[in-house]
Amino acid sequence: HTVRQSNSSLVLIASFKGCYIFNLRKDHELHEALTLQYYDLVLKKPFVATVSCPVTTTPMPEPPKGLSISCSEVCMTVQLPAGPLSAVKILDSSKTLVPVLQTPTLCGYALVKKDGKNILTIPYTACDVKLVEKRYIIQVAYVTSG
């Protein structure tokens, strides 16, 4: 997100790919929203506001149990259940499941074990990441140890 000064006001420029953006249903329409807290110098008190823009994309489905996904400006981080790192695979453009640990370094994937979970970091510029309806999409397959 970027904040710029314009005359006597501040202008917030927020990327739909950025952190803290969430889906919101408003008037039977899907919106992408951001909640802000700011301090009004004239009224001398804080305010909280949610700003939103309508979008025409379908909402993302909930991830499966035991999986969490977080997004930043440059990458997505997927927390997978425990399992062998060698069993975490990416579906490549030729529809072949390729172990992440065997992908070329230039793809930019990072896969590590942390706190009993497998953590996969995927840059939006990584191999086989597609932009579909304003959302970054990649297909990941994994095997749990349970």
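The second largest pocket in this predicted model is lined by 22 residues, and Leu10, Val11, Leu12, Leu36 and Val51 lie nearest its centre. Three elements give two or more residues to that lining: strand E2 (9–13), strand E4 (29–40) and strand E5 (45–54). E4 brings the largest share, with eight residues. A pocket here is found on a 1 Å grid over the protein atoms alone, as an open set of points where a 1.4 Å probe fits, with protein on both sides within 12 Å along at least five of seven lines; lining residues have an atom within 4 Å of a point. Rolling a probe the size of a water molecule over the atoms shows where empty space is left.

How big is the volume of the second largest pocket? It's about 500 Å³, where grid points are joined across faces, edges and corners and the volume is the space filled by probe spheres set on the points. As for what the lining is made of, its residues split into 15 nonpolar, five polar and two charged. In that count, Ala, Val, Leu, Ile, Met, Phe, Trp, Tyr, Cys and Pro are nonpolar, Asp, Glu, Lys and Arg are charged, and the others, Gly among them, are polar.

Stay with Leu10 for a moment. This leucine lies in strand E2, and it's exposed because its relative accessible area is 64% (exposed means over 50%, buried under 20%, and partly exposed in between, with a 1.4 Å probe and protein chains only). Leu10 also joins Val3 and Leu12 in a nonpolar surface patch of about 290 Å². Such a patch takes residues with over 30% relative accessible area and no salt bridge, and joins nonpolar side chains (Val, Leu, Ile, Met, Phe, Trp, Tyr) within 5 Å. A salt bridge means a side-chain nitrogen of Lys or Arg within 4 Å of a carboxyl oxygen of Asp or Glu, and the areas come from the Shrake-Rupley method with a 1.4 Å probe.

Now step back to the protein chain. It has zero helices and 14 strands, where helices (H or I, at least four residues) and strands (E, at least two) are DSSP runs numbered from the N terminus. Of its 146 residues, 25% count as buried.

Is isoleucine 119 buried or exposed? Isoleucine 119 counts as buried because its relative accessibility is 17%, and its place is in strand E11 (residues 117–123). Its C-alpha atom is 6.9 Å from that of threonine 77, though the two are 42 residues apart along the chain.

The loops have their own stories. Lysine 95, between strand E8 (89–91) and strand E9 (97–99), is exposed at 62%. The C-alpha atoms of lysine 95 and glutamine 139 are separated by 9.8 Å, with their positions 44 residues apart along the chain. Lysine 44 sits in the loop between E4 and E5 and has a positive phi of about 55° although it isn't a glycine. Aspartate 128, in the loop between E11 and strand E12 (130–132), isn't a glycine either, and its phi is positive at about 70°.

Residues are numbered from 1 along each chain as its sequence is written, and side-chain values use heavy atoms, with hydrogens and water left out. Local features need pLDDT of at least 70, side-chain atom pairs count only at pLDDT 80 or more, and totals for chains, interfaces and linings use all residues.

Conventions
Patches are made of residues with over 30% relative accessible area and no salt bridge: like charges are joined within 9 Å, nonpolar side chains (Val, Leu, Ile, Met, Phe, Trp, Tyr) within 5 Å.
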